[in-house]
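Here's a quick tour in questions and answers. Have a look at the sequence and the structure first.

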Amino acid sequence: MRVLALDTTAHAGSVALVTDDRIVMERSGDPARTHAERLPAVILGLLHDAGVTLAAVDVFAIARGPGSFTGLRIGIATLQGLAFVNGRRIVPVSALEALAQIGSQLLPAGAVVAAWIDAHRREVFSALYRVAEGPPFAPARLTEMDAPAVGGPASTLSRWMASATMPSVFIGDGAVMYADVLAGRGAVIPTPPLAGAIGTMAVHRARAGDTVDPAGVQPLYIRRPDAEIARERS
């Protein structure tokens, strides 16, 4: 199975081509340029260099959030268009779960991993997972313990401490940014490119029939867009 995966939740983002359980090629974007400027040229360039045509892609995979509202809209719309034109289906993947899958690779079953994404405003998008016996990047690998949420890093950490559930690993740019808040409570892993992990996760899900029609992709915003809040206030 050949999967083209895209992540536009952050400024740089990434794109990857995954065949079965192997990442054939993965590239990070240029954070100095917007997603609108780069896409779909970056996608087509990667496919060209990999010697693969769009028609040869079996499934598309997209990071559905949380992250930049503009980035999510552009990334999802781009992949929806490519999937629709080529008659293919899409696997939407949580960026938080993709981070946790990466962070869980060297952890034993029973360990806890936290994903923190910088949400700006001194807040983080967060989620908490327990590692299970499942194979890496398969849905059975992680059990969600705390659903995706947004809040201050200190308050998020306090909430987890109150439940006596502390991660051994924190992964994501939010974890790096607020490493002082964590104060050595767990290992901090910087954010790697996500597209390869998203594509590998999509292989497992597509094999199980867990795909959607291009129009069925729903962004995971968690927090309402500023423009929407401003309209209500006015």
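Q: At about what angle does helix 8 run to strand 1?

A: This is a predicted model, where local features need pLDDT of at least 70, side-chain atom pairs count only at pLDDT 80 or more, and totals for chains, interfaces and linings use all residues. Residues are numbered from 1 along each chain as its sequence is written, and side-chain values use heavy atoms, leaving out hydrogens and water. Helix 8 lies across strands 1, 2, 3, 4 and 5; helices (H or I, at least four residues) and strands (E, at least two) are DSSP runs numbered from the N terminus. With axes fitted to C-alpha atoms, for helices over the stretch in contact (heavy atoms within 4.5 Å), and angles running from 0 to 180 degrees between N-to-C directions, the angle to strand 1 is about 135°.

Q: In what order do the five strands of the open sheet come?

A: Strands pair if DSSP finds at least two bridges between them, and the pairing in this sheet is mixed. Strand 3 (22-28) and strand 5 (89-94) sit at the edges, each pairing on one side only. The order is 3-2-1-4-5.

Q: Which residue in strand 4 is the bridge partner of L4?

A: Strand 1 (residues 2-7) and strand 4 (residues 59-65) pair in the parallel sense over four bridges. L4's partner in strand 4 is F60.

Q: Which helix gives the largest share of the largest nonpolar core?

A: A nonpolar core is a set of buried Ala, Val, Leu, Ile, Met, Phe, Trp, Tyr and Cys residues joined through side-chain atoms within 4.5 Å. This one has 37 residues, and V3, V113, Y129, L194 and I198 touch the most other members. Seven residues, the largest share, come from helix 8.

Q: How are the rings of W116 and F170 arranged?

A: Rings of Phe, Tyr and Trp (its six-membered ring) pair if their centres lie within 6.5 Å, with planes under 30 degrees apart counted as stacked, over 60 as edge-to-face and the rest as tilted. These two are 5.5 Å apart centre to centre, with 75° between the planes. They link distant parts of the chain, 54 residues apart. The arrangement is edge-to-face.

Q: Is T165 buried or exposed?

A: T165 lies in the loop between helix 5 (153-162) and strand 9. Beyond neighbours within four places in sequence, T165 is in contact with V112, L128, M145 and W160. Buried means under 20% relative accessible area, exposed over 50%, partly exposed in between (1.4 Å probe, protein chains only). Because its relative accessible area is 14%, T165 is buried.
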